[in-house]
Amino acid sequence: MIEGNKKTRYYDFGEAVIASLHGERKKLLFHVCCGPCACFPLTYLCPHFDATIYYCNPNIYPSEEYERRLGELKKLLAYLKRDYGFEIELVVPPYDPEAYNEFIKPYEHLPEGSERCHHCYEYRMDEAYQYAEDHHFDYFTTVMTVSRQKSSVVLNEVGRKLELKHPSVPYLYTDFKKKDGALTGVKIRDHYGLYNQQYCGCRASYNEYLKRKEKL
Ligand code: SF4
């Protein structure tokens, strides 16, 4: 088991797992938050894994934004099938913002990047991890380490904690930001003309975005 910090080389751990497969394709469940964040992780891992996406994002506010991001993700999957031949399954659980908002309420006053986000990551990843366990996947991971606004250490530590809760499915450590992953993701997003959202997702981040806009 890995106990991480800023110097932990999560990228290398992921690479070591890929090398250990010796070309054998395993079933990977991907937690995906949106199309733009999925661009690089999917092109990087789908040559090695049979990937299924679990779109668990009840944090996204309002519901029109949730649908819009889901629509962009579906567009991306169609482009990746056309251009790379990737057959990626998409699972969309029921959208339940009420339960999420109730859960996040005690942390809503905290700023983006704080404990509020750490709980938010865990909430969504846990549901996706449970799906991976129930459906006997070989690995689980999230695309969120690609985001420059999100700490890869925190996300991988959440993954490590959830692996203890769902021990039949190993957590695949990643750091998609590394080796120009974030930049490559932006290029793929722009190449396909995907909608680039202006805020992370939840009601608090939407309000923070409105305040930033007001100041311009
Ligand atoms: S800013 Fe993003 S990660 Fe943080 S609580 Fe909101 S939706 Fe979740």
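**Exercise 1. In what order do the strands of the open sheet lie, and what is the sense of their pairing?**

Solution. The model examined here is a predicted one. Begin by listing the strands across the open sheet, which has 4 of them in the order β3-β2-β1-β4, and then note that the pairing is parallel. Next, look for the edges: β3 (89-91) and β4 (139-142) are the edge strands, since each pairs on one side only. From one strand to the next, the twist averages 25°. Finally, take one pair in detail: β1 (residues 26-31) and β4 are joined in the parallel sense over 4 bridges, and F30 stands opposite T141 in β4.

**Exercise 2. Place the sheet within the succession of elements along the chain.**

Solution. First count the elements, of which the chain has 8 helices and 4 strands. Then read from the N terminus on, where the succession is α-β-α-β-α-β-α-α-β-α-α-α. With this succession in hand, turn to α5, a helix that lies across β1, β2 (49-54), β3 and β4 and runs at about 155° to β1.

**Exercise 3. Describe how α4 and α5 pack, and which residues meet there.**

Solution. Start with the geometry: helix α4 (residues 97-104) packs with α5 at an angle of about 140°, and the axes of the two helices are 10 Å apart. The handedness follows as a second step, the crossing of α4 and α5 being right-handed. Now go down to the residues, where Y100, F103 and I104 of α4 meet R116, H119, C120 and Y123 of α5. Sorted by class, the residues of this contact are 5 nonpolar, 1 polar and 1 charged.

**Exercise 4. Which residues surround the ligand, and which helix supplies the largest share of the shell?**

Solution. List the surrounding residues before sorting them: N59, E112, R116, C117, C120, C200, G201, C202, A204 and S205. Among the elements, α5 (115-134) and α8 (203-215) each supply at least two residues of the shell, and the largest share, 3 residues, comes from α5. By class, the shell around the ligand divides into 5 nonpolar, 3 polar and 2 charged residues. Comparing the two lists, R116 and C120 appear in the shell around the ligand and also in the contact of α5 with α4.

**Exercise 5. Why does the radius of gyration of the chain agree with that of a compact globule?**

Solution. Take the expected value first: for 216 residues, a compact globule would have a radius of gyration near 17 Å, and because the chain has 17 Å, the two agree. As a last step, describe the extent of the chain, whose C-alpha atoms fill a box of roughly 55 × 40 × 35 Å along the principal axes.

Key:
Residues numbered from 1 in each chain as written. Predicted model: local features only at pLDDT ≥ 70, side-chain atom pairs only at ≥ 80, totals over all residues. Near = placed C-beta within 6 Å. Nonpolar A, V, L, I, M, F, W, Y, C, P; charged D, E, K, R; others polar. Axes fitted to C-alpha atoms, helices over the stretch in contact; angles between N-to-C directions. Left-handed = near helix turned anticlockwise from the far one by under 90°. Contact = placed C-beta atoms within 7 Å. Pairing = 2+ DSSP bridges. Rg over C-alpha atoms; globule rule 2.2 N^0.38 Å.
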